[in-house]
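Please write a short report on the structure shown below. Cover the surroundings of the ligands, the division into domains and the contact between the chains.

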Amino acid sequence: MTGSNPLAKGVLEMVSGIVGKGNWSFAPAQLLSYSRDLWTRKTMEMQAGKLPAPPHLIVWPESTEQVQSLLRLADQAQIPVIPMGAGSGVCGGTIALRGGIIIDLKKMDRIRNLDRTSMIAEVEAGKIGEILERELNQLGFTLGHFPSSIYCSAVGGWVATRSAGQLSSKYGKIEDMVVSLEVVLPDGRLIRTRTVPRSATGPSLNHIFIGSEGTLGIITSATLRLWEYPKAREFQGFRFPDLHQGLESIREMMQSELKPAVIRLYDPVDTYFSSKGIIEEKAKPKKIGLFAKRGIIHLAQKTLPYLYHPALPNRFLQSRAKASKMILIFEGETELAALEHKQAKEICLHAGGIDTGEWPARNWWKHRYKVSYTMSKVFDLGFFVDTIEVATLWDNLENLYYSMQEAISKHALVMAHFSHAYPQGCSIYFSIASTGRTLQDRLARYDAVWEDAMEACMKAGGALSHHHGIGILKAKWMERESGGAAPLLKGLKKALDPNGIMNPGKLGI
Amino acid sequence: MSVDDKIINAINLLNSLLGKNRVISDQTSMLIYSRDIFMPGYLDLREGKIQNLPWAACFPENIEEVAKVVGRAQENRIPLIAFGAGSGVLGGTVPVTGGIMVDLKRMHQIRNINPTNLTVEVEAGVMGEDLERALNETGFTLGHFPSSIYCSTVGGWLSTRSAGQLSSKYGKIEDLVISLEGVLADGSVFHTRKTPRSATGPDLDQILVGSEGTLGIITSALLAISRLPEKKFSRGFRFEDVPSGMEAMRTLTQKELVPAALRLYDPVDTGFNRQKLSGPESGCLLIAVYQGANNEQAELKARLGFMRIKEMGGKDLGEEPGEKWYEHRYAVSYQQSKILSQPNTLLDTIEVSVIWKDALELYQKVIPGIGKVGLAMAHFSHAWREGVCVYFSILVSDPDPEILRQKHLQAWQAAMEPCLTIGASISHHHGIGRFRSEWLKKELGVGHELLQKLKSELDPAGIFNPEKLGFSAKNE
Ligand SMILES: Cc1cc2nc3c(=O)[nH]c(=O)nc-3n(C[C@H](O)[C@H](O)[C@H](O)COP(=O)(O)OP(=O)(O)OC[C@H]3O[C@@H](n4cnc5c(N)ncnc54)[C@H](O)[C@@H]3O)c2cc1C
Ligand SMILES: Cc1cc2nc3c(=O)[nH]c(=O)nc-3n(C[C@H](O)[C@H](O)[C@H](O)COP(=O)(O)OP(=O)(O)OC[C@H]3O[C@@H](n4cnc5c(N)ncnc54)[C@H](O)[C@@H]3O)c2cc1C
């Protein structure tokens, strides 16, 4: 049976000895389903029957010790290792470019320890987000981390990609929640960073692994900051005559030390579709947003003929749509949330916003995870969709937005929202949709979107990614992104993984 | 090559790169550069011991010049020690293997205060007070107020992970970094991305921050600033004992009511500060000062926070203690020289970091430990959601300088060992320098070996600040 696997028989026996019989597999169906993540390009290729790179073996360890033994083995045998959370990454991060072993951490899913006094919890890397949040809620806490993929992503994946949740303006990104980490190094040794609030003990060891996308070690657990489950939650919608006023309001809120849990500003095209165009918010509240699953299909069907020449509908929409919709949610301690709500309203009204009441925000809240998990339908129809998220400082935000919008407009229908704001700047989240007559056309167009979008981003001085990470997709721009600091990253790689077994070909290292 | 030849070569090299007027090597200056504010250094000075003299000091004025110096020093294997203001308290700038001091004080431009981004772009050699004043004049604040603000630089702060007195609101310096510019050991320059956040691999800023001159020389930084608060709401309270006061502190941090300044003094420290701060006759003094750009929010938080403190057993002492603390907040540190000038004593401070669950245990272990060799007191400042910094002040005395040194070391051991066993961190914001190296290795374990390997990759000859952060010396 093992004869069909290119891994040496001895290796398989040792793996089996480490994790036990039921915890590894190279059944073809398994290898196939582990051969890609949710990177759009791979979905398109799959459709054409082109199979992505399958790993040689999948292993489900149940403990840190097992992960250590596995890495020791892989390091000695120089077999590539790809750590995996839930495979919801959108940049090709878990693709086994050179075969090897996928170490899926989903069987490591315990909350090891919850310290109510210090309000921290140590959670194993394979814990799925939604399950973690539900268990914390039952104990009166929240993590405050709500990526749209909360049902299909894991703690280790979040930390490894620097994930951002929908409530990041209050609770921060995942890197703001990490107190300490347990990491298995490529040679099998273990690091447990100190569980302390802050320290001045040299470079931050946590930050070596946060965002490392499986290239420097395997995160086996993370100790995360918790919050009390919010006592109050308030909702508010606004509509701005133009995008600039909406952005200025966000800046003013963040800089006057408000921390709305949710700030989302939709650009005019996104606003147009989500409120009066193709998707009718009020009549069919389940379909709000372009990325509600029905919405995108509906949109795709309606716009298909136009999408062969996306520059035209883009020009039409960009010239016609002007207003921007904003959604705000405040939560936390009752009186503080109420004050924030009051002040935010003052700021938005002052900037020319029109109060649209609670409903838009309540409705968004209700459907906040209803993103497409059946996106394949769109692809079946001959379309592709993707998202591009970048970030920059405030005084460069509109420059970055318009530069990238222009660059993408040639190749795809493009719209954006602004949903992660900071006192110093903001992220931009572009949604794109396009098509082509043949799969080859579509792939060429897909590549052109990314090529031109990332070039425009680099030229305008934006950060390549705000929260999806690099994977394979953006690897070739990493050298430029690093601004000369790449030797540090390469130094880390050499110091930690001299044999280069960890997730080869990712992050541009 | 003899040492003298090496020194002469190094000076010639610097002269050719920067010109004679930006290179010094006179004995008096070298004596000044031979130590920082590490306390036992005073003993050496008192005894007239002259050691650790650098070969020369130079004053580059821009990143290109720093790069040139680093590049040539690398070729010639000359140790380079980045120098801010020398206010470090752990021997971080001491040139233990000789070499050249790269003094950054001529890189003192505040390049851009940006009101749209709430950022300031500032060169590494700018003194804290100069920066804060410039920001205040335009209506902003950095929010970073170490007691050493008059005698420390931006580059030094970043390199040591410094904390200011209002850290509970504004964060430590690592929380204020948006991007960095500087030079690596091979002489190459870097400018990290100017962005509020990103997901582009490990955060390299956070690897350079805290590296204490061992991985790179930071030449400038883009830092987050805030709008200047209009008002402040200060109050003092009395708590019966440390546990009850600590419980109140913890509650504030976890109920979104943390003030800008939140400090709890243990009974001895309270006694020490009674006069200066109008503190209580007995028990523990707690100071809470709320302020912020959002005045209405600060006021509401103050009202709710003060109420909460009283509910938790705090006796209201009125505004005075808080106001007085604010007024004297930099003074304490500079009064030490009076004590230090007495020949038989050494005064020092030890700041550690611990989660709330273990904070009391740590405090209760360390105080009697230090008590065996000297006087010990503590305050709890820099409060975070998950824990707190315990700041021990120690005083040891003995007529015999050797015994005095030993007592000093014993006092430190009494603080460091419990940190290691309990799982706390041996430093919250002063850093490691040379003195804490061995404890650092114990704290980080495998992590330290990892850092050592990174150091060897980036700086194989070990020219950057040799023998600091527990890194072994590799240069000839
Ligand atoms: C519908 C949808 C919505 C999404 N919404 C969001 C969103 O709102 N916010 C957001 O941030 N992202 C979002 N994403 C992207 C994705 O969910 C995140 O990148 C997530 O963090 C990936 O987690 P995962 O467990 O699925 O990781 P995987 O895809 O399994 O892995 C991602 C990367 O991390 C590495 N990795 C995983 N686990 C470990 C570990 N334990 N140790 C070391 N390396 C590891 C992998 O090798 C890989 O490089 C979305 C994706 C989808 C499909
Ligand atoms: C009275 C007094 C009060 C103090 N109070 C506080 C306080 O409240 N909070 C606090 O955090 N600290 C405090 N300290 C400690 C000290 O001020 C800090 O450690 C400060 O950050 C050091 O800054 P500096 O510019 O003096 O650095 P230096 O002492 O010159 O250098 C410190 C370290 O940083 C490195 N370094 C300096 N500049 C650079 C650069 N540009 N690039 C790379 N490496 C560099 C040096 O090589 C050295 O390792 C206090 C010290 C004193 C004497």
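In this predicted model, ligand 1 is surrounded by 35 residues. The closest of these are Pro83(A), Gly87(A), Ser88(A), Ser149(A) and Ala164(A). By class, the shell around ligand 1 holds 16 nonpolar residues, 18 polar residues and one charged residue.

Oxygen atoms of ligand 1 have polar partners in the protein. A backbone N or O atom of Pro83(A) is 2.6 Å from an oxygen atom of ligand 1. For Ala86(A), a backbone N or O atom lies 2.9 Å from an oxygen atom of the ligand. Thr161(A) takes part through its side chain, where an N or O atom is 3.0 Å from an oxygen atom of ligand 1. On its own, ligand 1 has 970 Å² of accessible area, and the protein covers 95% of it.

Three elements of chain A give two or more residues each to this shell: strand E3 (81–84), helix H6 (155–161) and strand E10 (218–225). H6(A) gives the most, with five residues.

Where does ligand 1 lie with respect to domain 1 and domain 2 of chain A? Both domain 1 (9–106 + 498–504) and domain 2 (111–228) give residues to the shell, so ligand 1 lies between them.

The domain assignment of chain A also includes domain 3 (232–460). The C-alpha centres of domain 1 and domain 3 of chain A are 35 Å apart. These domains are nevertheless in contact, with eight residues taken from domain 1 and 10 residues from domain 3. Between them, domain 1 and domain 3 of chain A bury about 890 Å², and 64% of this area is on carbon and sulfur atoms.

Chain B is in contact with chain A. The contact involves 92 residues from chain B and 93 residues from chain A. The two chains bury about 7400 Å² between them, with 58% of that area on carbon and sulfur atoms. Of the area that chain B buries against chain A, 10% is supplied by Arg193(B), Arg197(B) and Glu386(B), more than by any other three residues.

Ligand 2 is surrounded by 35 residues, and the closest are Ala82(B), Ser87(B), Ser147(B), Ser148(B) and Thr153(B). Its shell divides into 13 nonpolar residues, 21 polar residues and one charged residue.

The table lists polar contacts of ligand 2. Each distance runs from an oxygen atom of the ligand to an N or O atom in the stated part of the residue.

| Residue | Part of the residue | Distance to ligand 2 |
|---|---|---|
| Gly88(B) | backbone N or O atom | 2.8 Å from an oxygen atom of ligand 2 |
| Gly92(B) | backbone N or O atom | 3.3 Å from an oxygen atom of ligand 2 |
| Thr160(B) | side-chain N or O atom | 3.0 Å from an oxygen atom of ligand 2 |

Taken alone, ligand 2 exposes 970 Å², of which the protein buries 96%.

Which elements of chain B each supply at least two residues of the shell around ligand 2? They are strand E3 (80–83), helix H6 (154–160) and strand E10 (216–224). The largest share of the shell comes from H6(B), which supplies five residues.

Methods: Residues numbered from 1 in each chain as written. Chains lettered and ligands numbered in written order. Predicted model: local features only at pLDDT ≥ 70, side-chain atom pairs only at ≥ 80, totals over all residues. Heavy atoms only, no water. Near = heavy atom within 4 Å. Polar contact = N/O pair within 3.5 Å; in protein donor to acceptor, adjacent residues only side chain to side chain. Areas by Shrake-Rupley, 256 points an atom, 1.4 Å probe, with all protein chains shown as cover. Helix = DSSP H or I, 4+ residues; strand = E, 2+ residues; numbered from the N terminus. Nonpolar A, V, L, I, M, F, W, Y, C, P; charged D, E, K, R; others polar. Domains from an automatic or database assignment. Contact = heavy atoms within 4.5 Å. Buried area = accessible area lost by both parts, 1.4 Å probe.
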